[in-house]
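Dear colleague,

I am passing on the structure we spoke about, and I would be grateful if you could look through it alongside the notes that follow.

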Amino acid sequence: MTQLPMFGQPPDTPTAKPAGDQAVTLQVLITVKAAPNPSEKYGETVCVAGLSLDPDRPGWIRLYPINFRELGPDASFAKYDVVSVEAVPARQDSRQESWRPRMPTLKVGKHLTKWTHRRPWIDPAISEHTTMCRLIRGATMSTQSLALIRPKRITALRIARHQGWSKAQQAKIDTYVGQLDLFGDEDRTPLRAPRFAGTYHYECEEPDCNGHKQGFIDWEFVAFQLLRLGGMNDTKAAQRLEQRFLHEVCGADREVAFYVGNVAAHPRTFSVLGVYWPPRSVPR
């Protein structure tokens, strides 16, 4: 069983990547699994993030790329698993939290099943000084690109039909499928775009916040569509998504915080990567 070391609030300034390209072993409490995106090389890739459990490298860690389809049963992992993996600094990604994992080295340890097990490790990552407004104002290529922020007020979760893959994304899928045919590999189902896209509308704790509109790209949002909405028409399906991810996950009986992350090429563009929603200890 993995022993979790104590750690506190992640630093406002991310820990710099090592100067060299030598692999290091990271121990990470997984908190984010983003929805898969098309990849020319892998077919599909997922961005995973979490909190470092290494006292010498505190803060957030981003692991990319990961192809969950190709992970065996011993290497597959879920949110709130503790994993260890060898990784090298992601040199093509200037964000300090980004690492390229060596997936054959990945080992899955303890799973934090209950909110009572998670809260001692996750709650300290929520800083009253870190607001979405401040993250955006201070965003550069080398500043904080991952955070857990507390929304002051969530006004809506807008559900809309997904517009499908862009031409560039579809080209990646076509190239990958063509490579499988070329080398005689077993064909695999191309990654399908989700049925719906979601956008959270909310205000952060900044006193003069004018509101934020950020795409919701959590894998759970996509998986819910695949597993729970079959046979529903668009209107009923959209209502069920709103019920789940606005009124239940972000309900008044929950202490909600958003895992947020930015886009490498556009540091001031953040998305909601996932929702932290333990039960409220004191009712409103």
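Which residues of the largest nonpolar core touch the most other members? The model is a predicted one, and in it this core holds 50 residues, of which Tyr 200 and Phe 258 touch the most other members. If residues up to four places away in sequence are left aside, Tyr 200 touches Ile 154, Ala 156, Leu 157, His 212, Lys 213, Gln 214, Phe 216, Phe 245, Cys 250, Phe 258, Val 272 and Val 275, a list that includes Phe 258 itself. Another core lies apart from the largest one and has 18 residues, including Leu 63, Ile 66, Trp 99 and Leu 106.

Phe 245, one of the residues that Tyr 200 touches, also takes part in a helix contact. Helix α4, spanning residues 219–228, packs on helix α5, spanning residues 234–248, at an angle of about 140°, and their axes are 11 Å apart. Because angles over 145 degrees would be needed for roughly antiparallel, this pair is classed as oblique. The crossing in which α4 passes α5 is right-handed, and the residues making the contact are Glu 220, Phe 221, Phe 224 and Gln 225 from α4, together with Arg 240, Leu 241, Arg 244 and Phe 245 from α5. Sorted by class, the contact comprises 4 nonpolar, 1 polar and 3 charged residues.

Two backbone features deserve a look, given that most residues other than glycine have a negative phi and most peptide bonds are trans. The peptide bond joining Tyr 64 and Pro 65 is cis, with omega about 5°, and Pro 65 belongs to strand β4, residues 60–66. Tyr 80, in the loop between β4 and β5, is not a glycine and yet has a positive phi of about 70°; its relative accessibility is 5%, so Tyr 80 counts as buried.

The last residue I would point to is Glu 86, which is part of strand β5, residues 81–89. With a relative accessibility of 31%, Glu 86 counts as partly exposed, and, again leaving aside residues up to four places away in sequence, Glu 86 touches Ala 23, Val 24, Thr 25, Arg 100, Pro 101, Arg 102 and Thr 105. Between Glu 86 and Pro 36 there are 22 Å in space, C-alpha to C-alpha, and the two are 50 residues apart in sequence.

With best wishes

Notes. Residues numbered from 1 in each chain as written. Predicted model: local features only at pLDDT ≥ 70, side-chain atom pairs only at ≥ 80, totals over all residues. Heavy atoms only, no water. Axes fitted to C-alpha atoms, helices over the stretch in contact; angles between N-to-C directions. Helix = DSSP H or I, 4+ residues; strand = E, 2+ residues; numbered from the N terminus. Parallel < 35°, antiparallel > 145°, perpendicular 65-115°, else oblique. Left-handed = near helix turned anticlockwise from the far one by under 90°. Contact = heavy atoms within 4.5 Å. Nonpolar A, V, L, I, M, F, W, Y, C, P; charged D, E, K, R; others polar. Core = buried A, V, L, I, M, F, W, Y, C linked by side-chain atoms within 4.5 Å. Buried < 20%, exposed > 50% of the residue type's maximum accessible area, 1.4 Å probe, protein only.
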